[in-house]
Amino acid sequence: MKEKNSGLSRRRFLQGISAAGAAALLPCRFLMPHSAQAAAFSEQEYQVFRNACPRNCYDTCSIKTYVQDGVVKFIEGAQESTFTHGGLCVKGYAYPRRVYSPDRIKYPMVQDGRRTGNWRRVTWDEAMDRIARKVLELKEQDGSLLGLGLTKYSGNFGITNYGVEGMMSSLGYTTRFVGTPCWPAGIDAQNYDLGDMWCNDPEDMVKSRYIIIWGANPAWCSVHSMKYVMEAKRRGAKVVVIDPVFTQTAAKGDVFWQPETSSDGALALGMARHILDAGLVDRDFVNNHSVGFNEFADYLRANVTVEWAAERSGIPAQQIREVAEEFASADPATIWIGYGMQRHTNGGASVRAIDALVAMTGNVGKEGGGARYGHLRTWGFNYHALLQKQPEGAVGFVGGGGPKGDFDFTKEEAAASYTDRTVNINKTAQAILDTKDPAIRMLWVSCKNPFAQDFDRPKLEKAFDTLDLVVSVEQFFTETVSNSDIVLPVTTLFEEWTVNVSYWHYWMGLNEQAITPMFETKSNIEIAALLSKKMNELSPGSCTFPQEIDTREWLEKEFNQGIYDTFGISHWTDLRNGPAKARMASSASWHDKAFGTPSGKYEFRSELCEQNGHAALPVYKEGRKPYDVFRVLTPHTQFGLHSQFINLDWMKEYNKEPFIYMHPDAAREKGIADLDTVRVFNKVGEVRSRVKLTRNVAKDCLLMYEAWFGPESTFNVQNLVDDEASDMGAFKTGAPGVALHDQFANVEKL
Amino acid sequence: MPDSHTGKRAEIADNETLAALRDFFAATGAADLRDAASRIAAATGSPLPAETDWTTAEYLFNRLFVGPAAVPAPPYASAYGDDESLLMGKPAQAARQAYRSMGLAVPRQGTIPDDHLAFELDAVLALRSLAEASPSSPAGPHAAFITDHMACWLPRFIQAVRANLPSGTAEGMPGPPEHTVCPVTLAVDTLAAWLDEETRSMAASSPHSQNTNSKEE
């Protein structure tokens, strides 16, 4: 049967056919004479291309893509990268199912009425005409383009995709949703303490003698890092996992702590107090390479006890003492600070407390040590696609400035009299509703699925309904597309040229165009070029973006000598032989103890932090007060990255429906049995789903994985998540983060 | 020999009907649908109601076959493969090889999968023309393309379309359902009838094909 469906025996088909010369005379409308004969194609041969996963994941894998007759046959991890090491995650291996999914968005289309499902195909020219006319109308009516908003984040990384921001600049000064829903509080915290966010090479974790994985689940979210954790363990390191959920990473650790959610700061400070009392402080480090340690020690003695930390966190005092002593005695010891643990109203403060724990034990600047959070040290591209000039005479916002997100590479620009208007990406709905003079009336969405990822979904729908025109650039039909007027089909990684680096490891991977873009898909920069062409047709000079671009040339324009030197290559084409790793003096960040802080030292006391409205010392900060009965946790699912991948058939095979995970004791009190359908509700909205009972979650917790979409489901966790801000993030990323794990709700059986 | 069956399938399987079906499934908008469906209606004697709303028909057509939402009835052979419900799979390669054997290829190869229904119907027209041009050659290629390839997926495609057609006036067609002929219904019924006649006549004409067909049912 399988053989049958592979179809059409060639032998039988070829029998009797000898029409090559007559092809032009055949009565076809579509099929065209083709000179290459079947014999020209050998089934044994593959073309191999280099690709780089653009999904904003720790691992940013280098991929080898095998193409036959113009079709991706299979992919594998690049062996040349010691990090990727020839393997991909499940999501990565599913890429051919993405590019060839029958569900891909194939053509530019317009919807006659949002959420009606009444879609019509339009040509690219028609789509651009409607978009350009709206842009010109805004400019005419408002006198500026501040009524045009851009919300874009990291759903499609690859340096040339910054051409989306470039396209906006090339139109004029617009309204930008800035900040990051991901990691901002921790970025600020590390900047206050160390002067930058800069982590050790993850590959040096093998040298660690003690690893604490704090609020991260690499067994799901950074599978390639696990081999270093496991190798360190094999060499004798102890692995402690701290998480409110018993994760697969926790299952692989030696010690698992399940603290009260958002009590991380108390736990870290309790450990710090015990290390202080036990005389295990690294005096050389605190005396010679830090400022403010004595004040921090005074704070600990006056305000913190191990018993207090035990009470706050729920972790027994004796265990806190043991782990603290072991951590301080091991050399080197490291802490991996996950992004989940800073998505709280006290998240930045908690990261500072953990940084302090690593610093006071002398583990900063040490190979195999470090307070590992992330880095942007290998991102020194030209940002040619990003840095486009506003048209002559463009009018913008007065009095703006500041960073436009975590990956803002525009800071070198000379101060202009006008700027873009910035609003908080973590309050998308509220910003659309509140922004006036001029109001945001048109929104461009790219590399992002706000309805799956932005907070307070009910409010978001209301906000979208106030907009005149929503344009989504997408690969699949998300709820955001459903709430759009125009959708533009964008290429996958196999269909465009770009280059990628990681915020975790130190490799750089080339992304080659491996196949012809399918259907009518175009890359973000090609879309920008098309828009520019139409804008200039309708209003000469209204857009500065080049109108004809060669995407391979645009990739080349991102490289410079600095990048070549960092990675030890002479030209980007060297990357065709495999990914390259940055050459570093040491695998340890801050190995020379030359910190980026104002004092040039590690700052236990940060005046900058104080100036920005926080405590100077890494003191305890109370978490958000519960506003309902249960805590709601909405972490990443295993086989998805936010809403990406989860619509693919492989993933649906494993996750046929979303579940709410609940502790059996809590369920019993509510009269809920395994697989009952329940309603989870709070002040924001509600979610309905079946329940799975598990002791992996705490009794006061309801866990549901972040994303789900598809025609058969309305499940959306953002119906339960409000847009409460986290404490930090505004300093380095332009807006505070969001306290998305400080959410609460009640549950009832249906 | 196909010629001996020409009379039998003339009503549905004439070239004009096939060309109209091809153009229907290749439609990019309401105007294309109206043109192709009218030709199908004329060829099959199933007139469409004068009040047919072609924009509504376009919405339905896109919902079933184009997108942007996940499509319940993708018009590509590969989407119905047993082991892979992906585009550009083995059936697409088979179609590509078939076209190559005739010295043909799809335009901008690699953009629209080779096994799109419109391309395959185009290929059937080419095969017919070839068979007519050299009556001495056996029915092999024509029969193989239909019975070994198209007949493997079209029944499932037709079933998927029918299962996802809204019933009665929900299609946006005025009047009571029994008097309504939806353009998509007309096209898919015509396609089903054509496939049915083709496979039956081929099975009758070739004992070799009969053996092959028995595996398919």
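Here are legends for a few close-ups of this predicted model.

**View 1. How chain A splits into domains.** Chain A comes in three pieces: domain 1 (109-175 + 422-501 + 507-581), domain 2 (184-376 + 590-612) and domain 3 (630-749). Note that domain 1 is stitched together from three stretches of sequence, while domain 2 uses two. Between the C-alpha centres of domain 1 and domain 2 of chain A there is a gap of 38 Å.

**View 2. The buried side of helix 13 in chain A.** Zoom in on residues 293-303 of chain A, where helix 13 buries Phe293(A), Phe296(A), Ala297(A), Tyr299(A) and Leu300(A). Why do these residues sit on the same side of helix 13 of chain A? Because they cover an arc of only 155° around the axis. An α-helix has 3.6 residues a turn, so residues three or four places apart point the same way.

**View 3. What packs over helix 13, and what doesn't get covered.** The cover on the buried residues of helix 13 of chain A includes helix 11 (264-277), helix 12 (283-288), strand 12 (290-291) and helix 16 (347-360), again from chain A. Turn to the face away from that buried side and you meet the exposed residues Asn294(A) and Ala302(A).

**View 4. Chain B, a run of helices with one strand.** Chain B has nine helices and one strand, and reading from the N terminus the order is α-α-α-α-α-β-α-α-α-α. Of its 217 residues, 62% are buried. Take the contacts in chain B between residues at least 6 apart in sequence: 65% of them join residues at least 24 apart. On the outside, chain B exposes about 7,900 Å², with carbon and sulfur atoms supplying 54% of that.

Note on methods:
Residues numbered from 1 in each chain as written. Chains lettered and ligands numbered in written order. Predicted model: local features only at pLDDT ≥ 70, side-chain atom pairs only at ≥ 80, totals over all residues. Heavy atoms only, no water. Domains from an automatic or database assignment. Helix = DSSP H or I, 4+ residues; strand = E, 2+ residues; numbered from the N terminus. Buried < 20%, exposed > 50% of the residue type's maximum accessible area, 1.4 Å probe, protein only. Contact = heavy atoms within 4.5 Å. Areas by Shrake-Rupley, 256 points an atom, 1.4 Å probe, with all protein chains shown as cover. Arc of directions from axis to C-beta.
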